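Q: I have a protein in front of me and would like to walk through it with you. Could you help me read it?

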Amino acid sequence: MRITWAETDAERGDVQELFSHVFTGIEDNAVPLVAYDYMYAPLIAQIRDDGDRLVAAAMTCRTQVAAGSVLASRQGLPDRLGVLPLIDKHSELDLLAVDDSHRGLGYGSALLDHLESALAARGVRAWFGNVTVNLDAVSLRMFYRRHGFTVLPDFEPLPPLLGRKWHGPNLAAPQFWFYKRPGAGPRVPVDAA
Ligand SMILES: CC(C)(COP(=O)(O)OP(=O)(O)OC[C@H]1O[C@@H](n2cnc3c(N)ncnc32)[C@H](O)[C@@H]1OP(=O)(O)O)[C@@H](O)C(=O)NCCC(=O)NCCS
């Protein structure tokens, strides 16, 4: 399997389509256009089949901008992104999806590992994400634990990471949060608080 970065708007359109297919109700601009990379600093990893069809993708972004994208798209205030602080030691795993015809083959794991190495190389020290209530919480708990994440109990808020408290957008509480230090590998204590 070959993992590449989705670096063109055409590729990102495919990624958005996959995410929209797998996750009901996500914003139709959840995957940023290349023109906005200076704000979002996204890492968008993708796997395509031999016919160049996208079968799996994962996206992680700067945290404040991830919140801002929701604010902006809900309120039509993209200019507000400009005033949000940018914190490059944190990254939020926004979306990870494997086409249902290709699940259980290691693609999701490979994408996570790929993102993690890139984040570690960028100096990101707190990587986190959440699982919403409509997903398969039991399998996903195991999946993220196996990847070395600390997985919080259901509905427990994310603790301060590197001394910063994360205030997510004002949406329904997720089922659970998870976090780790990129590059720490599995079974290594996480650098929290
Ligand atoms: C979760 C997901 C990304 C995992 O990708 P994958 O390529 O199937 O995962 P891998 O092959 O690397 O690892 C398989 C593990 O994923 C976990 N898993 C979670 N949901 C799964 C699903 N629907 N199908 C298969 N495995 C799933 C299982 O624990 C499985 O462990 P096992 O091998 O011990 O049975 C993928 O199943 C998916 O896209 N699910 C729907 C969207 C989703 O829930 N995304 C995560 C949101 S935070």
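Q: Before the details, where does Asp52 lie?
A: Asp52 lies in the loop between strand 2 (43–48) and strand 3 (54–62), where helices (H or I, at least four residues) and strands (E, at least two) are DSSP runs numbered from the N terminus. This is a predicted model, in which local features need pLDDT of at least 70, side-chain atom pairs count only at pLDDT 80 or more, and totals for chains, interfaces and linings use all residues. Residues are numbered from 1 along each chain as its sequence is written, and side-chain values use heavy atoms, with hydrogens and water left out.

Q: OK, and what is the phi of Asp52?
A: Asp52 has a positive phi of about 70°, although it is not a glycine. Phe155, in the loop between strand 6 (150–151) and strand 7 (176–180), is not a glycine either and has a positive phi of about 65°.

Q: Switching to helix 4, why does its span agree with what it should be?
A: The expected span is 1.5 Å times one less than the number of residues, so the 16 residues of helix 4 (residues 107–122) should span 22 Å, and the end C-alpha atoms are 23 Å apart, which agrees.

Q: Which residues of helix 4 are buried?
A: They are Tyr107, Gly108, Ala110, Leu111, Leu112, Leu115, Glu116, Ala118 and Leu119, where buried means under 20% relative accessible area (1.4 Å probe, protein chains only).

Q: And how many residues does helix 4 give to the largest nonpolar core?
A: The largest nonpolar core, a set of buried Ala, Val, Leu, Ile, Met, Phe, Trp, Tyr and Cys residues joined through side-chain atoms within 4.5 Å, has 27 residues, and those with the most contacts inside it are Leu111, Leu112, Tyr144 and Phe178. Helix 4 gives the most to this core, with 7 residues.

Q: What about the ligand, how many residues surround it?
A: There are 21 residues around the ligand, counting those with a heavy atom within 4 Å of it, and the closest are Val98, Gly104, Gly106, Gly108 and Ser109. The largest share of this shell, 6 residues, comes from helix 5.

Q: Which backbone atoms lie by its oxygen atoms, say for Leu105?
A: A backbone N or O atom of Leu105 lies 3.2 Å from an oxygen atom of the ligand, while a polar backbone atom of Gly104 is 2.8 Å from a ligand oxygen atom.

Methods
Buried means under 20% relative accessible area, exposed over 50%, partly exposed in between (1.4 Å probe, protein chains only). A polar contact is a pair of N or O atoms within 3.5 Å; within protein, one must be able to donate a hydrogen and the other to accept it, and residues adjacent in sequence count only if both atoms are side-chain atoms.
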